[in-house]
Amino acid sequence: MAQISVCPYCGTGCQIVVPEKDEPFSVSGYKGSPVNNGKLCIKGYTGLNYSFSKERLTYPLFNENGNFIRISWEDAIELAANKLLKIREEFGPDSVAFQSSAKCTNEENYLMQKMARVFGTNNIDHCARSCHSPTALGLINTLGTGAATGSIKSLEGTNTFFIIGSNTTEQHPIIGSKIISEVKKGKKLIVADPRKIKLAELADIHMQFRPGTDVALLNSLMFVIVKEKLYDKEFIDSRTEGFNELREEVIKYDPIITSEITGVEPELVYEAARTYATNRPSAIFYAMGITQHIHGTENVMNVSNLALITGNLGKYGSGIFPLRGQNNVQGSSDMGALAEFYPGYIRWDSDKIEKFAKLWNSTLPKKKGLTLSEMFDKAADGEIKAIYLMGENPLITEANIARVEEGIDNLEFFIVQDIFMTLTAAKADLVLPAASSLEKEGTFTNTERRIQRIFPIYKPPGEAKPDWWIINKIGSRMNLWKEYSGPEEIFNEIREAIYNYSGATYENIYPVGKQWPINKENPDGTEILHTRSFPLGKGKLVPIKFNPPSESVDGEYDLIMTTGRNYFHWHSGTMTRLSQILEREAPEPYIEINSEDAYERKIRNGQLVNVKSRHGEIRIRAKVTNLVPKGIVFIPFHYKESRVNLLVGENLDPISKIPEFKVVAVKVMP
Amino acid sequence: MIYSLNAEEMAQLYERISKEFETYGTVDIQGDITFSRIESYDELRIGRSDKPPKEFLIGRNENVLVFTEPNKKAVFGVMSCDLKGFYIMDKQIYGKDPFYTARRDNTVFINYVCTEPCETGFCSSFGGPLLNDYQIQVINYENDKYLIYADDAYKSFFEGFKQASKEEISKVEKLMHNFNMKQKKHEVEGIENRIKWNSKLWDEYAKICIQCGACNYSCPTCYCFDLNDVGEERFREWDSCILAGFTKTSAGNPRESLASRLRQRFYHKFVYYKKSKGEYLCTGCNRCTDDCPVDIEIKEVIDHDYNNE
């Protein structure tokens with residue numbers, strides 16, 4: 001019989017009804033879901049073919065001098081465990097790094113980070129580093145919780161939608177469509193985006209600002225709010241601290257001055273500020289446009305400032321919505337698959353980690369862990385000897401991939417666990433075949449903190465195994481734990497580890513999930529965060545000074561490139577590019593370039609061009625369009641044929657270590 | 001023939017049919033009604049399914065280089081709006097598409113007729129839920145009473161069951177009449193002449209459409225597909241005319257804009273098919289609207305005053 005599952009693509013977490021395989025195979029949206037009410041986007045409808053692909057990995061493979069040979073699971077587990085233990089013995093636990101995956105379940109992420117820490121190192125990280133690590137750090141710093149403050153349903157109560165740095169209809173289509181439905185009813189929509197995205201066309205106000213000038217733009221909005229006293233004085237007095245310091249900073253950002261930096265007309269800033277501050281409740285939506293900058297964490301804190309001073313938190317319809325990219329990136333972060341956080345965002349250097357020493361019956365590492373990009377860096381330097389990587393494809397998705405490749409090539413032992421032989425897996429010493437999300441049991445947590453269950457509806461192909469099974473075996477073989485009986489036992493340990501998950505049970509999160517915190521105080525979960533107070537007590541207002549992005553144009557590199565995804569593909573394309581329909585819609589890499597820029601460079605639509613940055617060069621087809629303004633080009637990062645991340649440098653946000661994927665100076669040559 | 005059965009006899013009917021056919025039916029998955037293999041009559045839950053039963057005849061994504069004789073299937077619980085979709089599609093693909101034709105010939109749809117209008121459907125604008133074309137048509141008109149219209153081909157399944165009386169038939173006819181009176185009517189007739197190529201509707205829809213494909217995938221009459229060679233296999237996959245790649249050719253795309261693609265869908269439904277096959281390619285199930293994340297209303301396309309925009 002059919003079963004309910006969760007779409008494996010974006011963080012919206014749409015619930016799907018999946019029939020059994022001997023039945024006609026097509027998924028539909030689950031109508032009982034409060035997330036998607038039965039609706040799906042094109043990736044949900046046509047993007048699940050990959051699970052049945054003949055290209056799936058079906059047995060463990062050992063790389064013998066460049067040839068992959070089939071080995072048994074016993075040998076694979078033995079080999080993985082022995083190698084890791086041997087390297088630990090020789091070089092210490094910090095010579096090994098673990099990379100988890102936001103595509104995997106909570107249970108798998110929890111187990112992966114536990115493996116790292118009981119093994120003896122905080123070198124555990126995953127792709128959240130490259131997407132929402134600034135959110136976790138920024139919002140934990142200002143509010144105390146690094147997650148969306150409201151629910152998708154609560155958008156029905158929103159009067160003003162402010163979208164900054166999120167192409168919502170393409171990247172979180174069901175949330176985007178919810179916004180469209182509300183705007184159709186007459187709600188206000190403000191969009192701040194360098195590109196003319198679909199929502200910009202429907203917006204009351206579109207501020208087409210220059211990439212990397214978010215701080216100046218947000219400060220200028222607050223300038224207007226402060227100048228015209230549009231802030232919520234009562235909220236500021238009772239719920240926040242630091243308003244005077246913030247005011248001192250933002251009054252320097254007169255829209256007349258900032259328009260030089262951002263390129264946005266002062267009138268638009270005034271109108272946007274007035275609408276956002278007065279037509280309440282207002283909700284802010286952001287994604288990679290805010291976070292993937294060297295000032296990503298500061299951007300997030302500035303978003304928080306704006307919401308705090310206008311009292312747009314803690315009420316139905318208001319809030320901050322960091323739209324999470326991967327289906328389980330909220331969960332993988334909650335589980336502590338991050339260098340600086342244990343499960344439940346407990347810092348690695350806090351006293352509170354004692355509880356994990358007890359729970360895991362183990363001593364814990366004393367050293368700060370390496371983040372994703374640092375791991376490859378240190379591998380290239382020879383300090384990291386082995387990496388155990390699950391469900392990621394950094395040779396396409398990481399910044400500065402030339403350096404990543406150097407790091408991987410320099411490893412003594414490289415384990416990759418995936419469902420496909422990805423570009424990255426092809427470089428592994430040991431490849432472990434994993435099960436897809438339709439083939440395993442577990443939970444995912446979506447962008448609104450909703451914990452939802454998935455089920456093993458199909459059998460994995462060949463000898464492929466669920467990720468939890470593999471980690472479980474290797475971990476117990478290394479004597480890190482006694483083998484778990486299954487995902488539910490791991491889930492129950494998570495409930496002990498994370499108080500915000502403690503009230504969730506397999507029974508009460510089915511068929512529709514519940515939003516954390518779910519615990520003794522909130523037995524039914526929590527739809528809206530911060531209604532009475534913040535976990536920090538008072539919300540912290542943090543003055544942010546504008547600093548230019550890491551790269552700027554000069555005589556040679558005269559265009560600013562920004563990177564991202566398109567509607568039809570997902571990250572490194574290993575899943576979506578196997579769907580014939582999705583691949584047909586976006587079959588090859590391209591650069592979006594404004595018609596004036598194209599004309600100046602004598603570039604025609606469809607022509608192959610060279611794109612060069614200070615870090616690398618690729619060849620790619622030009623798409624001449626006015627969706628991007630003059631001076632700015634856009635390249636999606638899905639395509640292994642022309643990996644745009646060869647062009648992205650290693651400029652990191654000093655706080656979160658996220659690379660600046662969104663601002664790269666390039667030149668485009670016919 | 002028209003028969004009159006009670007609930008117990010319905011279960012017997014199921015038993016008889018399931019001896020000869022692989023049985024499928026609508027089941028309840030946590031409140032969602034969906035088609036599934038069923039092993040007993042008790043599993044059947046009558047209600048509007050989350051998607052049409054189109055896949056029983058047109059594979060979602062299948063290799064068309066291999067033809068296997070389909071199993072004989074019986075599908076219980078098919079709503080009239082969905083069943084009608086097959087009869088409309090027949091005009092275009094029956095006899096031409098060997099997969100569709102073979103499955104069509106080997107599948108019996110046991111149609112359950114709605115006795116109360118559903119929330120959004122508008123089948124009465126297309127004649128109502130009682131159909132002229134059917135194999136086995138069931139009307140559960142009173143608690144334990146079922147009136148069944150059955151094609152003579154299925155006579156053997158009804159041996160020993162009593163024929164319906166005039167009173168029973170007139171009761172059902174009255175019920176159906178009331179159904180059609182109760183449901184709001186939309187003036188479909190003549191839409192092929194009223195609809196306008198340059199209507200502002202298409203641009204309005206293009207502004208909000210996110211190209212999810214739901215209107216095609218959920219439609220009981222959309223039959224378009226794409227062919228793709230993957231290794232040794234040639235896959236035929238359901239397609240969506242809302243996507244740009246649907247009509248893209250090496251010489252460009254005749255429907256480059258989203259507005260033109262949205263218009264095409266409605267023109268196919270209400271103009272082209274009507275002119276070539278004499279029927280609208282729509283049954284009033286309203287799924288395209290129900291599943292549309294941005295609420296594009298097919299009823300608006302029908303009701304819109306094109307002359308006074």
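Inside chain B, about 3,000 Å² is buried between domain 1 and domain 2, and carbon and sulfur atoms give 56% of that area. Keep in mind that this is a predicted model. Chain B also pairs up with chain A, and those two chains bury about 3,600 Å² between them. Here's a quick tour of both interfaces.

**Domain 1 meets domain 2 in chain B**

- The domain assignment splits chain B into domain 1, covering 2-182, and domain 2, covering 191-308.
- Measuring from C-alpha centre to C-alpha centre, domain 1 of chain B and domain 2 of chain B are 27 Å apart.
- On the contact count, 32 residues of domain 1 of chain B touch 32 residues of domain 2 of chain B.

**What holds charges and polar groups together there**

- Six salt bridges turn up across the interface of domain 1 and domain 2 of chain B.
- If you want a pair to look up, try B:Arg48 and B:Asp290, whose side chains form a salt bridge at 2.5 Å, N to O.
- There are also 22 residue pairs in polar contact across this domain interface, with both residues at pLDDT 80 or more.
- On the domain 1 side, β4 (61-63) and α2 (80-93) of chain B each bring at least two residues to the face that touches domain 2.
- α2(B) gives the most to that face of domain 1, with nine residues.
- Sorted by class, the domain 1 face has twelve nonpolar, eight polar and twelve charged residues.

**Chain A meets chain B**

- Here 42 residues of chain A are in contact with 44 residues of chain B.
- Carbon and sulfur atoms account for 52% of the area that chain A and chain B bury.
- In chain A, the residues losing the most area to chain B are A:Tyr45, A:Gln580 and A:Arg584, which together make up 16% of what the chain A side buries.

**Contacts between the chains**

- Four salt bridges cross the interface of chain A and chain B.
- A:Arg584 shows up again here: its side chain meets that of B:Asp226 in a salt bridge at 3.0 Å, N to O.
- Polar contacts across the interface of chain A and chain B come to 22 residue pairs, both residues at pLDDT 80 or more.
- The chain A elements giving two or more residues to the side that touches chain B are β3 (28-29), α1 (42-46), α6 (173-184), α7 (198-202) and α22 (580-585).
- α6(A) gives the most to that side, with six residues.
- By class, the side of chain A that touches chain B has 22 nonpolar, ten polar and ten charged residues.

Technical notes: Residues are numbered from 1 along each chain as its sequence is written. Chains are lettered from A and ligands numbered from 1 in the order in which they are written. This is a predicted model: local features need pLDDT of at least 70, side-chain atom pairs count only at pLDDT 80 or more; totals for chains, interfaces and linings use all residues. Side-chain values use heavy atoms; hydrogens and water are left out. Domain bounds come from an automatic or database domain assignment. Contact means heavy atoms within 4.5 Å. Buried area is the accessible area (1.4 Å probe) that two parts lose on being put together, summed over both. A polar contact is a pair of N or O atoms within 3.5 Å; within protein, one must be able to donate a hydrogen and the other to accept it, and residues adjacent in sequence count only if both atoms are side-chain atoms. Helices (H or I, at least four residues) and strands (E, at least two) are DSSP runs, numbered from the N terminus. Ala, Val, Leu, Ile, Met, Phe, Trp, Tyr, Cys and Pro count as nonpolar, Asp, Glu, Lys and Arg as charged, and the others, Gly among them, as polar.
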